[in-house]
Amino acid sequence: MLPVAPAAERNKDAILTALRPLLAQPRRVLEVGSGTGQHAVHFTAALPHLLWQCSELPANVPGIAARLAEEGNDRTPPPLTLDVAMPPWPVPAATSPEAFDGIFTANTLHIMSFAHVKQFFQRVGEVLAPGGVCCVYGPMKYGGAFTTASNAAFDAQLRARDPESGIRDFEALDALAGAQGLTLVDDIAMPANNQLLVWRRAAG
């Protein structure tokens, strides 16, 4: 049986609706932390101009590979083994003609340490092509405050399991992105108390 993430099944249509205009121009998207590969299959079926490169920690790569072999297409290449804490990422540099002009990650930054969140944005700065977009989906805090009581409870659960994890402050993420030359272009409220943050790298 293929691995299934219920959250990915619930959020895939809402995320697709939000991403569709944002990914009208990008042609090569790197997904960091692809989980089960459900997003890759769903999004490439709806956006036929996109090549969608999955990536994950080693333990999850076989499950994604199985899904892509069964449900994928010629725009979902085999998943890459990628650990945000282990630079450099195994993808073309930003200056390469094959550089990714879109980066997407969902529900990852709150389950890694903040040190690894910093690594994520540093690597994005190294590999995102000029003019490209970086899209981050998940729960956020604003001004240090949770947007809902349920997000506060979720944060407590995360920290009880791993004190280094937790829902991130929007302002901290925006500062890390800005340090890599990325400018916030959208902050989209999503279902289930999530956000989709979108940064763009200057074209030149």
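This text walks through a predicted model, taking in turn a helix, a small set of paired strands, one leucine and a cavity.

Helix H3 spans residues 61-71, and its buried residues are Val61, Gly63, Ile64, Arg67 and Leu68. Viewed along the axis of H3, these buried residues fall within an arc of 165°, so they line one face of the helix. The face turned away from that buried side carries the exposed residues Pro62, Ala69 and Glu70. What do the buried residues of H3 pack against? Their partners are helix H2 (38-46), strand E2 (51-56) and strand E3 (80-81). The helix thus has a buried side with Ile64 and Leu68 among its residues, and a side turned away from it where Glu70 is one of the exposed residues.

Further along the chain there is an open sheet. It is formed by 3 strands in the order E7-E6-E8, with mixed pairing. Strand E7 (145-146) and strand E8 (168-169) are the edge strands, each pairing on one side only. Strand E6, residues 140-142, pairs with E7 in the antiparallel sense, over 2 bridges. Within this part of the model, lysine 141 stands opposite phenylalanine 146 of E7.

Next comes a single residue. Leucine 158 belongs to helix H5, which covers residues 149-161. Is leucine 158 buried or exposed? Its relative accessibility is 4%, and the cut-off for burial is under 20%, so leucine 158 counts as buried. Which residues does leucine 158 touch, leaving aside those up to four places away in sequence? They are His110, Ile111, Ser165, Gly166 and Ile167. One of these contacts joins separate parts of the sequence: leucine 158 and isoleucine 111 are 47 residues apart in sequence, while their C-alpha atoms are 7.2 Å apart in space.

The last topic is internal space. A search of the whole structure finds 1 cavity of 30 Å³ or more. The largest cavity holds about 50 Å³ of space. Its lining consists of Asn107, Thr108, Leu109, His110, Val136, Tyr137, Gly138, Pro139, Met140, Arg168 and Leu173. Strand E5 (residues 128-138) supplies the largest share of this lining, with 3 residues. By type, the lining residues divide into 6 nonpolar, 4 polar and 1 charged. Two earlier topics meet the cavity here: His110, which is among the residues touched by leucine 158, is also one of the lining residues. Met140 and Arg168 are likewise among the lining residues; strand E6 covers residues 140-142, and strand E8 covers 168-169.

Technical notes. Residues are numbered from 1 along each chain as its sequence is written. This is a predicted model: local features need pLDDT of at least 70, side-chain atom pairs count only at pLDDT 80 or more; totals for chains, interfaces and linings use all residues. Side-chain values use heavy atoms; hydrogens and water are left out. Buried means under 20% relative accessible area, exposed over 50%, partly exposed in between (1.4 Å probe, protein chains only). Helices (H or I, at least four residues) and strands (E, at least two) are DSSP runs, numbered from the N terminus. The arc is that of the directions from the helix axis to the C-beta atoms. Contact means heavy atoms within 4.5 Å. Two strands pair if DSSP finds at least two bridges between them. On a 1 Å grid over the protein atoms alone, a cavity is a set of points where a 1.4 Å probe fits but cannot get out, and a pocket is an open set with protein on both sides within 12 Å along at least five of seven lines; lining residues have an atom within 4 Å of a point. Grid points are joined across faces, edges and corners, and a volume is the space filled by probe spheres set on the points. Ala, Val, Leu, Ile, Met, Phe, Trp, Tyr, Cys and Pro count as nonpolar, Asp, Glu, Lys and Arg as charged, and the others, Gly among them, as polar.
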